[in-house]
Amino acid sequence: MREYELMYIINPSLGGDEEYTAFVDRINTLITSYGGTLVTGEPSPIAGRRKLAYPIRTNGQDVSEGFYVLVHFEADPAQIKLIERELKLAEPVLRYLLIKPEAEKPVAET
């Protein structure tokens, strides 16, 4: 199992807070269904509804803001391609970035 970090942006036309919460739960369930384990932590200060750096065209309209979600999880590297495939097919997801965070290197004392 390796640690991963997933940031994705949900289309703001999805609806209200209940719809956002339901979709985030759906993505979290997707991760756990592929054998992943969610890592609990404090919410990120970047998460939430924010203005995008540039408009994204989706379904014939330009979207200028989105709902950012940050998830830390552990998963088998073989399952990551399957998780990414599901993210690509999820229509409310405007963009996503899935990375393996670098381990912190100890700072040498001088």
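Strands β3 (residues 48–58) and β4 pair in the antiparallel sense, with 7 bridges between them. The model is predicted. Strand β4 also pairs with β1 and with β2. A search of the whole structure finds 3 salt bridges, and helix α2 has a buried side and a face turned away from that side.

**Strand pairing**

- In the pairing of β3 with β4, Gly48 stands opposite Tyr68 of β4.
- The hairpin of β3 and β4 has 2 residues between the strands, and Asn59 in this hairpin takes a positive phi near 50°.
- Strand β1 (residues 2–10) runs antiparallel to β4 (residues 61–75), and 9 bridges join the two.
- Within the β1 and β4 pairing, Glu3 has Glu74 of β4 as its bridge partner.
- Strand β2 (residues 37–38) is antiparallel to β4 as well, over 2 bridges.
- Thr37 stands opposite Glu74 in β4, the residue that is also the bridge partner of Glu3.

**Salt bridges**

- Arg49 and Glu65 meet through their side chains in a salt bridge, at 2.7 Å from N to O.
- This pair links distant parts of the chain, since Arg49 lies in strand β3 and Glu65 in strand β4, 16 residues apart.
- Arg49 has a relative accessible area of 47% and is partly exposed; Glu65, at 31% relative accessibility, also counts as partly exposed.
- A salt bridge also forms between Arg57 and Asp62, with the closest N and O atoms 3.4 Å apart.
- Arg57 counts as exposed because its relative accessibility is 57%, with exposed meaning over 50%.
- Asp62 counts as partly exposed, at 47% relative accessibility.
- The side chains of Arg85 and Glu86 meet in a salt bridge at 4.0 Å, N to O.
- Glu86 is partly exposed, with a relative accessible area of 27%.

**Helix α2**

- Helix α2 covers residues 80–89, and its residues Ile80, Ile83 and Leu87 are buried.
- These buried residues lie on the same side of α2 because they cover an arc of only 65° around the axis.
- The buried residues of α2 pack against four elements: β1, α1 (17–33), β4 and β5 (93–99).
- Lys81, Lys88 and Leu89 are exposed, and they sit on the face of α2 turned away from its buried side.

**Strand β4 across the topics**

- Strand β4 is joined to β1 by 9 bridges, pairs with β3 over 7 bridges and pairs with β2 over 2 bridges.
- Strand β4 also holds Glu65, the partner of Arg49 in strand β3.
- The buried residues of α2 pack against β4, among other elements.

Technical notes: Residues numbered from 1 in each chain as written. Predicted model: local features only at pLDDT ≥ 70, side-chain atom pairs only at ≥ 80, totals over all residues. Heavy atoms only, no water. Pairing = 2+ DSSP bridges. Buried < 20%, exposed > 50% of the residue type's maximum accessible area, 1.4 Å probe, protein only. Arc of directions from axis to C-beta. Contact = heavy atoms within 4.5 Å.
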